[in-house]
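Here is a friendly tour of one fold, written for someone who likes to check each pairing and packing angle in the viewer. Please keep the coordinates open as you read.

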Amino acid sequence: MVEAFAVASGKGGTGKTTSTLALGMALAEDHDVTVVDADTGMANLLFHAGLDDATVTLHDLLVEGTATDVSEATYERFGLSVVPCGTSLAGFEAAEPERLRDVVAELARDTDVLLLDSPAALGSKSAVLPVVLADRVVIVVEPTIPALSDGLKVQEYARSYGTETAGVLFNKVRSEADDVAAQAERHFGGPVLANVPESDAVRAARRAGKPLLAHAPESEAAARFRRAADRLDVRDGDSDAVADRFRSAVVPDTP
């Protein structure tokens, strides 16, 4: 079985990478989980996962002619299989976004859940491809009306390629934001997964180079991410069929 989720947002700074790793660790209690930093231009998952010294990354897998195997860029950390992306400009310029299809297809054959940490904006092929490849998208937003608007743009684009909404995750919540949450339930195609509070523990985890659930597992923010993961009903997809779908996916034009 395998299902691919893109973790996306309409703008940067929402805590998307923190959310990807937190959801991944929570889901890993019951599933084999692989996390991919698909943000080839502004990657930072490797810093959150203590992999800033990784010698082989997704960038290496996206360059034609390399002999690098997917397994060489896959690291076992915190109960997850993690494929980090490099941060160099040269690596980004050399990478061919279309090759992500084959990388994800290979990973899909040996995991239950794929989480694609997606670029924040939708301005390039490398940015939109993870959303197009995924079965469903988790949209991470801050609880403001402008952020909801940005998130809805992500959903609209995802739906145009047949990608469903798994739910919306409110992050950095400074109040319960009931009014905004009610609006989200009306406009998004999936439920509100959780309201994750603004948290010093999240910032401390980032400084420590660890996912939140590894650094502060008893924090309220960690509990809320576990609640969000519990609401993701992972579907039993056929691994071979999913891999074939990835390989044959049409690379979209930019929005």
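In this predicted model, strand β7 (residues 164–173) is largely enclosed by the rest of the structure, because eight of its ten residues are buried. The cut-off behind that statement is a relative accessible area under 20%.

What lies on either side of β7 in the sheet? Strand β6 (residues 136–141) pairs with β7 in the parallel sense, over six bridges. Strand β8 (residues 192–197) also pairs with β7 in the parallel sense, here over four bridges. If you would like to find the register in your viewer, these bridge partners are good places to begin:

| Residue | Partner | Strand of the partner |
|---|---|---|
| Arg136 | Glu164 | β7 |
| Val137 | Thr165 | β7 |
| Phe170 | Asn195 | β8 |

How does the chain get from β6 to β7? The connection runs through helix α7 (residues 145–160), and this β-α-β crossover is right-handed. Helix α7 lies across β1 (3–8), β6 and β7, and its direction makes an angle of about 170 degrees with β6. As that angle is over 145 degrees, α7 counts as roughly antiparallel to β6.

Now zoom out to the whole sheet. Eight strands make up an open sheet, and their order is β3-β4-β2-β5-β1-β6-β7-β8. Although β7 has parallel pairing with β6 and with β8, the pairing of the sheet is mixed. The edges are formed by β3 (75–77) and β8, each of which pairs on one side only. From one strand to the next, the twist averages 25 degrees.

A helix pair makes a nice last stop. Two packed helices are described by the angle between their axes and the distance between the axes. For helix α5 (residues 100–108) and helix α12 (residues 239–247), the axes come within 8 Å and cross at roughly 175 degrees. The two are therefore roughly antiparallel. On the α5 side, the contact is made by Arg101, Asp102, Val104, Ala105, Glu106 and Ala108. On the α12 side, the residues are Ser239, Val242, Ala243, Phe246 and Arg247. What is the make-up of this contact by class? The contact of α5 with α12 has six nonpolar, one polar and four charged residues.

Key. Residues numbered from 1 in each chain as written. Predicted model: local features only at pLDDT ≥ 70, side-chain atom pairs only at ≥ 80, totals over all residues. Heavy atoms only, no water. Buried < 20%, exposed > 50% of the residue type's maximum accessible area, 1.4 Å probe, protein only. Pairing = 2+ DSSP bridges. Right-handed = clockwise from strand over helix to strand, strands pointing away. Axes fitted to C-alpha atoms, helices over the stretch in contact; angles between N-to-C directions. Parallel < 35°, antiparallel > 145°, perpendicular 65-115°, else oblique. Contact = heavy atoms within 4.5 Å. Nonpolar A, V, L, I, M, F, W, Y, C, P; charged D, E, K, R; others polar.
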